[in-house]
Amino acid sequence: MEHEKFPTITKRVVFYIIIAGFMLCGLVFTTSYISFNRQFRFQYDISIKDIAKAAREFLNPDDFEKYHENPVTDERYAEVRNSLQVLVDKFDLDLIYVSAVKAPEYSHIFYYYDPISRHSRWSPYPLGYEEDYIEPDYNQSTKRVFEEGASIVRHTIKAKTGSHITAQLPVYDSEGRIVAVIGVRKGIQEFVNARRAFVRFVIVTAVILGIFFIIFFAAYFNQRFIKPIILVTNETNRFSSVIGEPSSALLFIKNIDELGMLAHSVYKMESIVTSNIEALTRMTIETAEALASAIDAKDTYTHGHSTRVAEYSRSIARRAGKSEAECKKIFLSALLHDVGKIGIPNHIINKKGKLTKEEFQIIKSHPVIGTQILANITQTPNISDGAHYHHERYDGKGYPVGLVGLDIPDIGRIIAVADAYDAMTSHRSYREALSQEVVRAEIKKGIGKQFDPEYARIMLELIDEDTDYNMREHNLEEL
């Protein structure tokens, strides 16, 4: 019985291991990515807030109302602005802005300070510059600063202005009123690049880990579970199809679990079944041999005929490449091929003279009688084929059906050659056993006419190998 190179259970287990491998890769990636981002937020958020707080300390919020009414710089303004510019340059910031934003939309901006990076392509806004700026994230965060006094950190990734982080803090005057918002923005492109490199590293690591996981656990499950299961399955399939000796490979499954117990139980069960079948087979064959002896005893001149035909038939079947199980069936069928003679009167079977036409018709009925006798044996299918078809001829001139060529079952075509051979090599009331040369010539002459060409040629091979002419009925003197 052929088995798939990759049985279903192997495919299924490998599939689930691959799914688990992908899940492991996903877990490793997600965990690492979240951890990396959390660490970034923690460090960058604290850093940008600290810079914003430091910048806020340079401001003079009580002067903002004056600047708002009359946007004219003075020495004190210039001093603060220069301090803010130093922070921009020192910490490589994009900008620091200090502005008042009007409620309720918080989209109209009045700038007090706007120092920017010296590498920026934009120019800083002068004191008193106003604009309407509508950007939902900015407007919402600014509203919270003015209305709640919240300190906000916003992360902007891959925007038109690049990737950056912005901290927004409220600016209080001496009376505790929020009079402005200070915003500090720093580019985080280096973080984006680092995260991209980190993601690549994590993906490669996760894939390698996943592949290792898949290979390791696939090999483990294959050795630990799949191989034993397949071995037990294949062995039970083999044993159920071709009864034989139990496979000792089952005893090499060393699993100390239910699989190991199952393998040893299957081996024990097969041993018991094999033993019982062998006992039943022996009993069947012995019964058949006893019946065949009783049949042969009806004919004074055919002692041992059924046993010899059975032996010859089995030899032909083996040469033809039949399995041992098929050879056993053919042997048993050949052993009982003449069972129909039980229904033929003894005086006709043992008549020394020529049979009359009516007597010959009675003799010709023994295949049908034999079939009827054996038809009730259901445990050995086709056993009646030998009895029914051993007098059929390859050219269609046989009886009782008159089948032609390959329409005649294998068993009938094999037994026909063996039966004819034994008839010619046995002593009869009207003649002695024929010489080996004559028998060979008769078999050869019957190829394609009386006999199946393949099985007749095998019979000729057996005759040629029997140089001492042992395949025949022996007289008591010869024994």
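A nonpolar patch is made of residues with over 30% relative accessible area and no salt bridge, with nonpolar side chains joined within 5 Å. In this predicted model, Phe-15, Tyr-16, Ile-19 and Met-23 make such a patch on the surface, of about 450 Å². Tyr-16 belongs to helix α1, residues 8-56. Its relative accessible area is 53%, so Tyr-16 counts as exposed, the cut-off for that class being over 50%.

**Helix α1 and its contacts**

Tyr-44 is also placed in helix α1. Its C-alpha atom is separated by 9.5 Å from that of Val-153, although the two residues are 109 apart along the chain. With neighbours within four places in sequence left aside, Tyr-44 is in contact with Ile-165, Ile-188, Glu-190 and Phe-191.

**Nonpolar cores**

In soluble globular proteins, nonpolar side chains tend to be buried together. The largest nonpolar core here has 32 residues, and the members that touch the most others are Leu-59, Phe-64, Ile-96, Val-98, Tyr-112 and Tyr-113. Helices and strands that each supply at least two residues of this core include those in the table.

| Element | Residues |
|---|---|
| α2 | 64-69 |
| α3 | 75-90 |
| β1 | 95-101 |
| β2 | 108-113 |
| β5 | 162-172 |
| β6 | 178-187 |
| α5 | 189-241 |

Helix α1 likewise supplies at least two residues. For Tyr-112, the contacts beyond four places in sequence include Phe-64, Tyr-67, His-68, Tyr-77 and Val-98. Leu-127, Val-179 and Ala-180 are also among the residues that Tyr-112 contacts. A second core, separate from this one, has 30 residues, among them Leu-335, Ile-415, Leu-460 and Ile-463.

**Helices α13 and α14**

Helix α14 spans residues 436-445, and its residues Gln-436, Val-439 and Ile-443 are buried. Viewed down the axis of α14, the buried residues fall within an arc of 65°, so they line one face of the helix. An α-helix has 3.6 residues a turn, so residues three or four places apart point the same way. Exposed residues Glu-437, Lys-444 and Lys-445 sit on the face of α14 turned away from the buried side. The cover over the buried residues of α14 includes α13 (410-424) and α15 (453-465).

Asp-422 lies in helix α13. With a relative accessible area of 0%, Asp-422 is buried. Not counting residues up to four places away in sequence, Asp-422 touches His-305, Arg-308, Val-309 and Tyr-312.

Notes
Residues numbered from 1 in each chain as written. Predicted model: local features only at pLDDT ≥ 70, side-chain atom pairs only at ≥ 80, totals over all residues. Heavy atoms only, no water. Patch = residues over 30% accessible without salt bridge, like charges linked within 9 Å, V, L, I, M, F, W, Y side chains within 5 Å. Areas by Shrake-Rupley, 256 points an atom, 1.4 Å probe, with all protein chains shown as cover. Salt bridge = Lys/Arg side-chain N within 4 Å of Asp/Glu carboxyl O. Helix = DSSP H or I, 4+ residues; strand = E, 2+ residues; numbered from the N terminus. Buried < 20%, exposed > 50% of the residue type's maximum accessible area, 1.4 Å probe, protein only. Arc of directions from axis to C-beta. Contact = heavy atoms within 4.5 Å. Core = buried A, V, L, I, M, F, W, Y, C linked by side-chain atoms within 4.5 Å.
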